[in-house]
Every structure is written in structure tokens, then in C-alpha cells.
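Here are a few short exercises to work through with the structure open beside you. Try each task yourself before reading its solution.

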Amino acid sequence: MSRLTELALVAALMFGATGSHAAGRYEGIGRAATPAEVKAWDIDVRPDFKGLPAGSGSVDHGMEVWEAKCASCHGTFGESNEVFTPIVGGTTKEDIETGRVGAYIRGDAPQRTTLMKVATVSTLWDYIHRAMPWNAPKSLSVDDTYAVLAYILNLGEIVPADFVLSDRNIADVQKRMPNRNGMTTRHGLWDVKGKPDVKNVACMKDCRTDITIGSSLPDYARDAHGDLSAQNRTVGPVRGQHTGNATAAAAIKPHPALELMKKNGCSGCHGIDSKVLGPGFREVAKRYKDDKGAESSLSARIRKGSSGNWGDVAMPAQSQVSDADLGALVKWILSGSPEN
Amino acid sequence: MAAGPMRIRAASNGTETEVKILMSHDMETGQRKDASGNLIPAHHITEITATHNGRVVLAGQFGPAVAKNPYLQFKFKGGAKGDKVSVSWVDNKGEKRTDEVVVS
């Protein structure tokens with residue numbers, strides 16, 4: 001669900017909860033949301049720290065949680081660029097003083113890290129608490145979230161190594177965020193009266209009434225590199241079009257395991273054909289094709305996590321996968337991961 | 001830019017110790033030009049040494065092809081919790097830096 005719809009729903013629920021004057025306008029429709037229902041929706045943490053639960057966590061404890069749950073994708077020092085852009089890096093002591101990341105002004109940053117971009121520390125807390133770790137979101141306790149955030153802030157040299165981050169001192173940390181003054185709010189994305197970042201002036205005279213496409217790539221040229229959509233990772237925004245024979249591609253129904261794989265987060269680290277962070281599924285099928293016990297051993301490794309079989313990056317335990325999904329996925333992987 | 005401290009993590013599993021190092025260094029190749037077209041002089045690490053309780057466990061030579069803020073990971077046999085692992089580098093301008101961690 002988009003954040004906007006989510007906010008609108010929360011607003012609607014709160015409106016309902018305020019009671020009698022709402023009932024007058026929508027008599028006989030629904031009922032007021034209970035405070036518990038509103039609370040279940042109202043999970044965000046705002047830049048003024050409204051919604052932030054009380055708690056605390058040290059850099060040292062954050063390091064333990066990080067090593068166990070975060071480092072396999074983000075790297076020990078938040079430096080990994082393999083799956084995501086790095087969390088840490090690109091900020092300097094001067095940036096912490098000024099609140100503007102100098103690399104943007106000088107233009108010498110090869111890429112943007114999380115600490116270069118984020119303006120509000122509350123956003124980090126909120127995002128980690130809601131969405132991380134990727135295979136088991138919302139599994140971090142409040143204190144663990146404080147600890148992980150303290151560890152990240154320490155890597156960025158925003159807080160010292162003996163720091164204990166809590167709801168009482170997080171406002172002081174906000175005053176040291178490297179890009180705290182880098183966020184602009186005077187534009188259309190923030191305020192409906194702000195200046196939009198695109199301009200579309202309505203045509204008032206001599207306007208064309210019909211549009212014909214003048215030229216397009218012929219099929220043989222579009223198809224020069226195969227089906228582009230099949231060459232992209234199955235996670236995130238789609239970056240490739242179906243090229244080649246369009247009707248044939250539409251007629252083929254995708255294998256149901258592809259949906260299961262996305263749902264359970266496998267595609268974050270595994271490709272179908274080739275290695276991303278972990279091995280490609282067909283590589284796995286090839287290695288175990290003569291192994292009769294592969295089905296149970298693979299199931300156990302997915303469930304409990306595993307390391308050392310395919311390189312340095314460990315596979316975290318996937319406790320969120322249901323038994324039925326796990327069985328179906330393992331069968332699908334061992335059968336060579338058919339796509340339809 | 002003065003080089004900041006290295007971040008080092010050393011963890012022993014009983015038989016071997018895994019060391020991860022994130023160095024903070026500009027690693028200028030000497031090939032790049034600044035905004036006014038002048039060559040930026042080379043400035044990169046040339047030697048790196050890791051010791052375990054004083055014994056050298058890794059010695060290496062770095063050149064201009066190594067990325068900015070290099071990351072290095074290696075394992076050595078032995079090492080126990082509480083031991084000291086020390087890493088030092090020297091760059092082509094003669095600057096040095098040494099950092100030490102306790103194996104966990």
C-alpha cells in the first residue's frame with residue numbers, strides 16, 4: 001500500500017474515532033474505529049519523534065545484532081555495494097558541523113550512501129523497525145532497533161563508540177545528521193502550492209487532436225539481446241520490457257513458485273540462472289541433481305540458515321517461510337526452476 | 001585529507017581467525033585531473049601489514065588500482081579470543097597508520 005493511502009486511512013480512522021460529529025455526517029455507515037484499531041495503523045515515527053517508542057540501545061549491542069542479522073547483505077561496516085548501495089560513507093566531519101553533505105556541492109561523490117541522503121534520523125529508526133531485516137521485517141525489538149541505529153551512526157562517526165542511543169537523546173543526534181539541512185520542502189512533491197518539478201502547459205490553440213507513432217524499433221532490433229524483461233532481477237521496479245514475440249510471452253503463464261519466491265524474499269539474494277549474493281537456483285539444481293537426500297538437506301538449510309557451501313556470504317535462517325511454501329520451493333528449485 | 005582510523009573486526013572460531021578491515025584512504029591514482037585540468041598527484045597505500053600478537057600474518061603491496069577506502073578480508077590459522085590483531089599501512093607519501101583490535 002502506498003504511503004499516501006496509508007496516511008489517508010489513518011486520518012480517516014482517526015476522524016472516525018473522534019466520535020459524535022463524524023457520526024452526524026455519515027449516519028448508518030460503518031462505525032467509529034476503536035482506539036486499538038487506530039493504534040494498529042498509526043505506526044510511523046515522525047521527524048519530531050512523535051510515535052517513537054521509549055527504549056535505548058548501545059553501539060556495542062548494535063554491533064552484535066548487525067553481525068547476526070544485517071551484515072550478510074550490508075557488509076560488516078555497512079560498506080557493501082553488492083545488493084544495496086552502501087549505508088555508510090561519503091560524509092565528513094565538516095558535513096556533521098554544517099548539516100550539508102559537501103560531496104553534493106563539490107560533485108565528487110561516485111554514488112550516494114544512506115547517511116549522505118537521509119535528513120532525519122527518525123526515518124532511519126522507522127524504516128529499520130518496520131522493514132528490516134528483509135527476510136523477517138518487524139522482528140527487531142524496540143531496543144535492538146535503537147542499538148542497530150546507534151551502530152550505523154557510529155560507523156558514520158556521528159556518535160562515539162561508547163554511545164547509548166535512546167528516545168531521550170535522539171533529538172541531539174538529529175542535530176548532528178550530515179544532511180539535516182539538505183532536505184528541501186519548497187517544491188510540488190512536498191506542498192501542493194510548491195513549484196512542481198515538471199511543467200505541462202495545456203495547449204490552447206492549434207493543438208493536434210490525434211497522435212500517431214512515427215517510428216519504433218523493428219522487432220528484430222528490439223530482440224537483439226533476447227527478452228529484456230527476463231534478464232532483470234525479479235525484485236524492485238521492472239527495468240526491462242518484454243521484447244521479442246509479444247503474444248507468445250503473454251500466453252505463457254508464470255510458474256506459481258515464482259510468486260512464492262518473491263513473497264518469501266528469496267529473489268533478494270538469488271537469481272534463477274546466476275549468482276547474485278547466493279547461488280542461482282539452477283546452479284543449485286545442477287550441483288545436487290544426483291543427490292537423493294537433497295530435498296531434505298536443502299529444506300533444512302533454508303529453514304536454519306547455512307554458510308560455506310557457495311562462498312563467503314552466509315544465508316540467514318528463513319523462519320518466515322511456511323512449511324508448504326518451503327516444500328514447493330525446494331521441489332521447484334531441484335526440478336531446474338522452470339519459469340512456467 | 002588526513003586518513004581516519006581503520007575499522008577492524010577480528011573473530012575467532014577456535015581454529016582460525018577471520019579479519020575484516022575497512023581502511024580510510026583517498027587512494028588517488030595520479031591519473032585524475034581536477035576541475036582546472038591539473039593532474040591530482042598520486043596518493044595511495046603502498047604496503048599493508050597485519051600482525052597477530054606480533055607475528056606477521058599478512059603482508060601485501062597495494063597500488064593505484066585499489067579503490068578508495070579499501071576493504072580487505074582474510075583468515076589466518078590460530079588466534080584466540082583476547083589476542084591482539086594489529087594492522088598498519090604506509091602510503092607513497094610516507095604517511096603511516098596503525099590500528100589494533102582484540103579478537104572476539
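**Exercise 1: A hairpin in chain B**

In this predicted model, B:G14 takes a positive phi near 105° in the hairpin of β1(B) and β2(B), which has three residues between the strands. Work out how the two strands of this hairpin are paired.

*Solution.* Begin with the limits of the strands: β1 of chain B covers residues 7-12, and β2 of chain B covers residues 16-22. Next, look at their direction: they run antiparallel, joined by six bridges. Finally, pick out one pair as a check: B:A11 has B:E18 in β2(B) as its bridge partner.

**Exercise 2: Another partner for β2**

Find how β2(B) pairs with strand β5 of chain B.

*Solution.* First locate β5 of chain B at residues 71-77. Then count the bridges to β2(B): there are seven, and the pairing is antiparallel. For an example, go to B:T17, whose bridge partner in β5(B) is B:F76.

**Exercise 3: Where the chains touch**

How many residues of chain B are in contact with chain A, and what kinds of residue are they?

*Solution.* Start with the count: six residues of chain B are in contact with four residues of chain A. Now ask where the chain B side comes from: β1 and β2 of chain B each supply at least two of its residues. Then sort that side by character, which gives three charged residues, two nonpolar and one polar.

**Exercise 4: Two positive phi values**

B:M27 and B:N69 call for a look at their backbone and surroundings. Which is buried and which is partly exposed?

*Solution.* Take B:M27 to begin with. Its phi is positive, about 50°, although B:M27 is not a glycine. The residue sits in the loop between β2 and β3 (45-52) of chain B. B:M27 counts as partly exposed because it has 19 C-beta neighbours inside 10 Å, and 20 or more would be needed for a residue to be buried.

Move on to B:N69, another residue other than glycine with a positive phi, here near 50°. B:N69 belongs to the loop between β4 (55-61) and β5 of chain B. With 20 other C-beta atoms within 10 Å, B:N69 is buried.

**Exercise 5: A cis peptide bond in chain A**

Locate the cis peptide bond that joins A:M132 and A:P133, and state its omega.

*Solution.* Read the torsion angle at this bond: omega is about -15°. Then place A:P133 along the chain, in the loop between α8 (121-131) and α9 (142-155) of chain A.

Methods:
Residues are numbered from 1 along each chain as its sequence is written. Chains are lettered from A and ligands numbered from 1 in the order in which they are written. This is a predicted model: local features need pLDDT of at least 70, side-chain atom pairs count only at pLDDT 80 or more; totals for chains, interfaces and linings use all residues. Two strands pair if DSSP finds at least two bridges between them. Helices (H or I, at least four residues) and strands (E, at least two) are DSSP runs, numbered from the N terminus. Two residues are in contact if their C-beta atoms, placed from the backbone, lie within 7 Å. Ala, Val, Leu, Ile, Met, Phe, Trp, Tyr, Cys and Pro count as nonpolar, Asp, Glu, Lys and Arg as charged, and the others, Gly among them, as polar. A residue is buried if 20 or more other C-beta atoms lie within 10 Å of its own, exposed if 12 or fewer, and partly exposed in between; C-beta atoms are placed from the backbone.
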